[in-house]
Amino acid sequence: MEVGACEGALTARLAADGFSVHAAEPNPHFRDRLVAAQRDTDAVRVGAEDLAELAKNGPEGAAYLLVEMLYYGQDLALLDDLPTGLLFLALEPEALETRLRPWLATSTVWRPVEEIRLVAPRVEPVCGGRAYLSKRGSVGLVLRRVDD
């Protein structure tokens, strides 16, 4: 389950490696591009769900991937209701330190099992090279449900 799949860069890589992916993208413009990019594969199902909808009625998944998308003021308690025992998160170091770590320190549902620096700070193109985004770097974190 890829939450906030955007235009599908990660979706395509996962499908190419043989994974079945439910790629959720609530933004209709990004979702249209995602659908177009995944037209030739049966391994990808595209949905319009946001994090709250997935927490309430999402499909069970071996893992939920939330890559660079926990910046939009979502209630982190929604993560507790995702129907999976494994979360893969990626976010900038400042968000990890100021938002996720304090929440995780009090969580009785999730425990961290691995952390790795994924990307150094840089400027990168987005939206097919039509815009640029200054990135502060990215840290990957794997969380496992405590009762799994």
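Start with strand β6, which gives the most to the lining of the largest pocket: five residues. Keep in mind as you explore that this is a predicted model.

**Stop 1: the largest pocket**

Now select G4, C6, V67, E68 and K135. Of the 49 residues that line the largest pocket, these lie nearest its centre. To see which elements give two or more residues to this lining, colour β1 (2-3), α1 (9-16), β4 (64-67), β5, β6, β7 (122-126), β8 (131-135) and β9. The space in this pocket comes to about 1400 Å³. Try colouring the lining by class, too: 25 of its residues are nonpolar, 14 are charged and 10 are polar.

**Stop 2: the second largest pocket**

Next, find the second largest pocket, with its volume of about 280 Å³. Select M1, S20, A62, A63 and L65 here, since 14 residues line this pocket and these five are the closest to its centre. Its lining holds nine nonpolar residues, three polar ones and two charged ones.

**Stop 3: helix α4**

Finally, select residues 93-106. This is helix α4, 14 residues that reach 19 Å from the first C-alpha to the last, close to the expected 20 Å. Where does a kink lie in α4? Zoom in on L100: the helix has a kink of about 45° there, shortly before the proline P102.

L100 is also one of the buried residues of α4, so show its side chain along with those of A95, L96, W103 and L104, which complete the list. Which strands do these buried residues pack against? Show β5 (86-91), β6 (110-119) and β9 (138-145) to see their packing partners. That brings you back to β6, where the tour began with the lining of the largest pocket.

Definitions and conventions
Residues are numbered from 1 along each chain as its sequence is written. This is a predicted model: local features need pLDDT of at least 70, side-chain atom pairs count only at pLDDT 80 or more; totals for chains, interfaces and linings use all residues. Side-chain values use heavy atoms; hydrogens and water are left out. Helices (H or I, at least four residues) and strands (E, at least two) are DSSP runs, numbered from the N terminus. The expected span of a helix is 1.5 Å times one less than its number of residues. The bend at a residue is the angle between axes fitted to the seven residues ending there and the seven starting there. Buried means under 20% relative accessible area, exposed over 50%, partly exposed in between (1.4 Å probe, protein chains only). Contact means heavy atoms within 4.5 Å. On a 1 Å grid over the protein atoms alone, a cavity is a set of points where a 1.4 Å probe fits but cannot get out, and a pocket is an open set with protein on both sides within 12 Å along at least five of seven lines; lining residues have an atom within 4 Å of a point. Grid points are joined across faces, edges and corners, and a volume is the space filled by probe spheres set on the points. Ala, Val, Leu, Ile, Met, Phe, Trp, Tyr, Cys and Pro count as nonpolar, Asp, Glu, Lys and Arg as charged, and the others, Gly among them, as polar.
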